[in-house]
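User: I want to learn how to read salt bridges in a protein model. Can you take me through a case?

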Amino acid sequence: MAHILGLEDVSISLGSRPILGNLNLSFGNGARIGVVGPNGGGKSTLLKLITRELTPDTGQVTVTGGTEFAMLGQADNFDTGQTVREAIHGDAAEYEWASDADIRYLHDGLIPDVGLDKPVSELSGGQRRRVALAATLAAPANVVILDEPTNHLDLQGVTFLAEYLNDRFARGSGALIVVTHDRWFLDAVCDRLWEVVPGHDGAGGRSPQPGHVETYEGGYAAYILQRAERARLAQQAAEKRANLLRKELAWLRRGAPARTAKPKFRIDAANELIANEPPPRDSVELAKMATTRLGKDVIDLEDVSFSWDPNDPQVPFILDNVTFRLAPGERIGIVGANGAGKSSLLGLLNGTLQPTSGRLKRGKTVKLATLSQETRELDEVAHRRVVESVHDIATHVTVGKKEMSASQLVEKLGFTRERAWTPVGELSGGERRRLQLLRLLVSEPNVLLLDEPTNDLDTDTLAAIEDLLDSWPGTLVVVSHDRYLLERITDHQVAVMDGKIRGLPRGLDQYLELVAEAKKTESQASATGGGTVTRAGSAEPGRVRDAAKERQARKDMARVERKLTRLRAQLDDNGLRQAEIASSGDYEKLTQLGQEAAALRDEIDELELEWLDAAEEAERWG
């Protein structure tokens, strides 16, 4: 792996406050690095050091000659009057990029619904984000840095982006650094994680300590495993945090069937750690408690249609003759493309919208709360402190079978003692989001609607929220593009497609298959002038079975799995050795172990491809 960039003993301060210190990091061609950590912990500072926008106070940043950077920030910076074509390709002649298959693939995947001659100023927020992403990925750069790239992307967009990045950087040319709180994306794309651990100001402002960066091999699942193991080895006192990590591991092992689409050997290593960990939630007990609080009737939509202007036949129905029933204790996730009608469905459920036709029935005992995508309701308590704003609603609340005070709940969702007494008006976006949800939960609703709840939240806060919701006995409806969250906290999912609500018994993989099928059908219909098209997924005519070939393929799969189990154990052992040596400062030994880990990952990647080929053969002849 050819070297691209290195940070050697780098430290940086802003004013008198140390931000990051003693950084020793490096990456080369083919690296796909995920950067995680709490908001305000130093992730943006780290990126600016890498791009040399900031100069370190001590140490040095070395970059191979000819390295070019392309960075996607969280805010768009398009020029006034720019077209989409100009925003992505600048003044380049069309023949220079239109003949590039990779560029055409990028256009088809990210902006299929956006005309190249359309002014950027006329685009929606989601379209602008996709244009900015396309511009970054089309730039002639070998180091691509993406800051929250999945914001405003729907499930299909996130899946396409993961496939594109894996294909591009698996070729071994260039490197990717991505800052994201999307845990599914981290698992799908990244082969190592950097966790930015924030420093602290010290007692009374004395002896402030800078933040640092912990490195982990693998994606999010491997990060959780290694992080829990490091905590166990060090016997740290933070048992609450360790419990959350074990619970996350329990989810990774017992998760939704859709997760088994990945080879099972990716998560088998977690078995020993979580052998005695109970499931994340007791669904039977929660359903019993929810029925006690709610009765049998929650919210029913019966033959409901909705249009923004039912008197204008040119305005299509957002929802058309749908029936949707919520049961006590049900935990349901809702997916669909942007504009498909997910928010309209939530509006009908919470009563802010009324159906154009059909019947809406709400149980008499329903106490409903909605977490909107905005946090404007907090403006009313901007002058109050965090604890006070929660205490105003309830002094105590029962979580599972445990009673907690307002201050304990505030601490559980990541507010330090100092931040708990900060005025609400001074909170960051992520802190406002946490407080918004906390105030809803202490009001003790029995039906909770969450609209894109992961916006502005870091991975540790998301894990704490999931832990809190695990013991919440009510009906939960979640609209989100965050695949990990949906699979983690909901028991089943539905899709809003073509004005209908469609169940997804096979989970989110089934939804992506339906989207791909619809696109293929549309493409075929267009090619044949709108004629009748055989839908994808129909029975294959003349399919031949061969038991001997299937049996051989399954033997090959088992053989490869045994090898992978052995190599995974070696890689885990390598990670533990790195953790032990990291504190000694023996960077030569760390470099050697890193090279061994890279060789193991390459061998594992090859074997995984071999396993997938064998799996396809088994399916072909079975």
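Analyst: We start with the overall picture and then turn to the salt bridges. Bear in mind that this is a predicted model.

User: How many helices and strands does the protein have?

Analyst: There are 19 helices and 20 strands. The chain has 622 residues, and 50% of them count as buried. The exposed area is about 30200 Å², with carbon and sulfur atoms supplying 48% of it.

User: What share of the contacts comes from residues 24 or more positions apart?

Analyst: Among contacts with a separation of 6 or more, such residues account for 71%.

User: Now the salt bridges. What is the general idea?

Analyst: Side chains of opposite charge can pair when their charged atoms come close. The cut-off used here is a Lys or Arg side-chain nitrogen within 4 Å of an Asp or Glu carboxyl oxygen. By that rule, the count is 20 salt bridges.

User: Which residue pairs with Asp 113?

Analyst: Arg 130 does. Their closest N and O atoms are 2.9 Å apart. The pair links distant parts of the chain, with the two positions 17 residues apart in numbering. Asp 113 sits in the loop between helix H4 (101–110) and helix H5 (125–138), while Arg 130 belongs to helix H5.

User: Is Arg 130 buried or exposed?

Analyst: Buried, because its relative accessibility is 14% and the cut-off for buried is under 20%. Asp 113 has 48%, so Asp 113 counts as partly exposed.

User: Where else should I look? What is the N to O distance for Asp 392 and Arg 384?

Analyst: Their side chains meet in a salt bridge at 2.9 Å. Asp 392 is partly exposed, because its relative accessibility is 45%. Arg 384 is also in the partly exposed class, with 26%.

User: And which residue forms a salt bridge with Glu 513?

Analyst: Arg 506 is the partner, and the closest N and O atoms are 2.8 Å apart. Read the accessibility in the usual way. Glu 513 has 43%, so Glu 513 counts as partly exposed. Arg 506 has 46% and counts as partly exposed.

User: Those are pairs. Which residues are linked in a network of salt bridges?

Analyst: Asp 300, Glu 302, Arg 325 and Arg 359 are linked in one. Read these four as a network of salt bridges.

Technical notes:
Residues numbered from 1 in each chain as written. Predicted model: local features only at pLDDT ≥ 70, side-chain atom pairs only at ≥ 80, totals over all residues. Heavy atoms only, no water. Helix = DSSP H or I, 4+ residues; strand = E, 2+ residues; numbered from the N terminus. Buried < 20%, exposed > 50% of the residue type's maximum accessible area, 1.4 Å probe, protein only. Contact = heavy atoms within 4.5 Å. Areas by Shrake-Rupley, 256 points an atom, 1.4 Å probe, with all protein chains shown as cover.
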